[in-house]
Amino acid sequence: MFSDQGLRTRDKGLRIAAFGLALVGLACRNTTKPSASEFPRRVVSLAPNLTEIVFAVGAGDRLIGVSDYSDYPEAARSLPRVGGLEVSAERIASLSPDLVLATPEGNAKGPVRALEAVGVPVLIVPGSSLDEVLQGIRLVGRRLGHVREGEGLARKLDSRRREVRARGSGRPRPSSVLLIWPDPAQAAGSGTFLDDVLTEAGAWNLLGGRPGWPVLSPEWLASEPIDVLIVPDSVETRSAYEHAFASGPLSRGTVSRARVIRIPESVLTRPGPRVFDALETLERELAQPLGTGNSRREGKREAR
Amino acid sequence: MRASRSIAASLLLLLAAVSVGLAIGGVHLSLPDLWAGTGEAGETARRIAGLRLPRVALAGLVGACLALAGAAMQALLKNPLADPFLLGTSGGAATGAAIASLAGASPLVSPGAAFVGAVGSSLAVAALARRGGRLDLHRLLLAGLIANAFFSAVLLGIFSVASSQAARTMLFWMMGSLSDASLSRVAALLPYAAAGGAVLLLSASRLNLFAVGEENAAALGVDTERSKRLVFLAASLTTGAAVAFAGVIGFVGLLVPHAARAVVGNDQRLLLPVAAISGATLLVAADALSRTVFSPAELPIGAVTAALGAPLFAWLLLKNP
């Protein structure tokens, strides 16, 4: 039935299959072998906040690869990139990491699972509340053998948070919305670290009853009693916000009359050590009586 | 023999695609290096081999499933445009699997949920397209359009209320992705693919009889209603299995059977196995493209197959006024 060619093909197929099985067997056996050194020395970070945490616990020299958006601190900029929204599992594996740091919800679920399956150690670092950010800092410190640095940093950040909380208590809480994107407007809801930032700084999160990162309709924005609007500020997103303030969903109704507080985007929107700077900035801004802070609708006037 | 030569040729093409798929990727690791990865070459080569092999295997299995389902549905409906993607079967499967995975079901269950979605979608589309006891070509395409619109609405709705990772998960289900390939996922897909595929391949001679008309098939002793249901369920199962592990990858079920038919003719006993092998070939090659064109970033696999499939769809439409 089969010609010579067919037989050869089948034979070749069998050899390839055997080769494949051999590879797979080796890959599997490999996963059970414990790592030789005590602490990871070749670390890849898949998110900018994790890169910042590694540097902050004093282990920046262990990083051998970082995500495309890892731009802080300065030393992170020169590290090899492993991709942004679509990271390549093969490229990460080619760096021979002995630890990959990932966020629970971030970019690379598929590649991270694939890496775990071939025995690359992966540490998932939480960050969906300020408590979890502190916990993540301790976790990374412990795993990299910098227990004291991680503990010390977490304790220092925690005490700064307590001071902010104490200063803010007793003041009236202005109704606030913290945007993460202007159009369609998307904001921080409950169960996020930015909801904690708002609450601890003495604001009232109007979206505290909606989980995650809700998208807001222009009608909602125009009719809800928004006193304060917090927006992340960066070179990349500034024109998008200006456009939204000039003629987009932030240009009409109550939201257009809200006081606007701008905080640098990479400080505010990354669940890492610097979000505590954002917390202090926000509390300071809120402490000033309404009207004397940031001139509101600045973007609107500029765009006109 | 012509038949064995066609099968041998398609296997050779598959081998070529697999070799290319194994040899290239996000990092350079040639076949000899991969060989070495089995020996002394150390951990990194082994890990890359361990990433690349399941990925090629998953691409091949998914491609074979989709092409086989497309070929069988085309024979069953006597309609060259019956493709799991165009007719909304994949959309129904993706919706089923997405709901199951959001509800926290294990990956082993999701092919079952995808199967239910695929069957439900196919039944609805067939009901919409039926006119006077037979399936009307134009109504079939419109019914597929309706189903796809409905399922994307459901998916968009689910994900916009679900969580912050909505956009990326949604992209997986709607554009397809093989980035989550691992041995355990390949092993989980295998039984579903094998069961559905075996039923379809064994139904080939009965599908041949359908080509000469249902009445003639009945006269020749085929239990037509039972055969139709069996093929229909098996095609939904293979589609559902493929979608559950790789999301919606369009046009494979259209592209491959057409190309195969042009070469080997319309004898289902030959067409179905050649389509299955060639489906594997196409997806392995398309995945190799998607991994390398914009490396280290990856192109969604659905974008690659759509870029190949859309022109063919247009040509088919012009050819069948």
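Let's start in a loop of chain A: P73(A) sits in the stretch between β2 and α3 (89–94). The model is a predicted one, and in it the peptide bond joining Y72(A) to P73(A) is cis, with omega at about -5°. A cis bond also links D183(A) and P184(A), where omega is about 0°. P184(A) belongs to the loop between β5 (175–182) and β6 (185–187) of chain A. These spots deserve a look because most peptide bonds are trans, just as most residues other than glycine have a negative phi.

That second habit brings us to S96(A), whose phi is near 50°, a positive value in a residue other than glycine. S96(A) lies in the loop between α3 and β3 of chain A. Its relative accessible area is 27%, so S96(A) counts as partly exposed. Chain B offers another case in F251(B), with a positive phi near 75°. F251(B) is found in the loop between α11 and α12 (252–264) of chain B. Here the relative accessible area is 9%, and therefore F251(B) is buried.

Stay with chain A a little longer and turn to helix α2, residues 48–56. How much of this helix is covered? Seven of the nine residues of α2(A) are buried, so the helix is mostly covered. The buried set consists of P48(A), N49(A), L50(A), T51(A), E52(A), I53(A) and V54(A). Around them we find both strands and helices of chain A: the buried residues pack against β1 (43–45), β2 (63–66), β3 (99–102), α5 (130–143) and α11 (265–268). Just after α2(A) comes G58(A), which takes a positive phi of about 80°.

Now step back to view each chain as a whole. Chain A has 13 helices and nine strands, while chain B has 14 helices and two strands. In chain A, 50% of the 304 residues count as buried; in chain B, buried residues make up 55% of 321. The accessible surface of chain A comes to about 14000 Å², with 52% belonging to carbon and sulfur atoms. For chain B the accessible surface is about 12900 Å², and carbon and sulfur atoms hold 69% of it. Contacts along the sequence can be read in a similar way. Among contacts in chain A with a separation of 6 or more, 61% are between residues 24 or more positions apart. In chain B, 78% of the contacts between residues at least 6 apart in sequence join residues at least 24 apart.

With its helices in mind, let's walk through some of the packing in chain B. Two packed helices are described by the angle between their axes and the distance between the axes. Begin with α1(B), residues 2–23, and α13(B), residues 268–292: they pack at about 15°, with axes 9 Å apart. That angle makes α1(B) roughly parallel to α13(B), and the crossing is left-handed. On the α1(B) side the contact includes I7(B), L11(B), L14(B) and V18(B), and on the α13(B) side it includes V274(B), I277(B), T281(B) and V284(B). By class, the residues of this contact divide into 16 nonpolar, five polar and one charged.

The helix α1(B) also packs on α3(B), residues 43–77, at an angle of about 145° and with axes 9 Å apart. This crossing is right-handed. V18(B), G21(B), L22(B) and A23(B) of α1(B) meet R52(B), L53(B) and V56(B) of α3(B), a contact with five nonpolar, one polar and one charged residues.

Next come α8(B), residues 183–202, and α11(B), residues 224–246, which pack at about 160° with axes 8 Å apart. The angle makes α8(B) roughly antiparallel to α11(B), and their crossing is left-handed. Among the residues that meet here are L189(B), Y192(B) and V199(B) from α8(B), and L230(B), L237(B) and F245(B) from α11(B). The contact comprises 16 nonpolar, three polar and one charged residues.

Our last stop is T305(B), in helix α14 (residues 301–319) of chain B. Is T305(B) buried or exposed? Its relative accessibility is 0%, so T305(B) counts as buried. Leaving out residues up to four places away in sequence, T305(B) touches I249(B), G250(B), F251(B), V252(B), L283(B) and A286(B). F251(B), the residue with positive phi, is thus back in view as one of the contacts of T305(B).

Technical notes:
Residues numbered from 1 in each chain as written. Chains lettered and ligands numbered in written order. Predicted model: local features only at pLDDT ≥ 70, side-chain atom pairs only at ≥ 80, totals over all residues. Heavy atoms only, no water. Axes fitted to C-alpha atoms, helices over the stretch in contact; angles between N-to-C directions. Helix = DSSP H or I, 4+ residues; strand = E, 2+ residues; numbered from the N terminus. Parallel < 35°, antiparallel > 145°, perpendicular 65-115°, else oblique. Left-handed = near helix turned anticlockwise from the far one by under 90°. Contact = heavy atoms within 4.5 Å. Nonpolar A, V, L, I, M, F, W, Y, C, P; charged D, E, K, R; others polar. Buried < 20%, exposed > 50% of the residue type's maximum accessible area, 1.4 Å probe, protein only. Areas by Shrake-Rupley, 256 points an atom, 1.4 Å probe, with all protein chains shown as cover.
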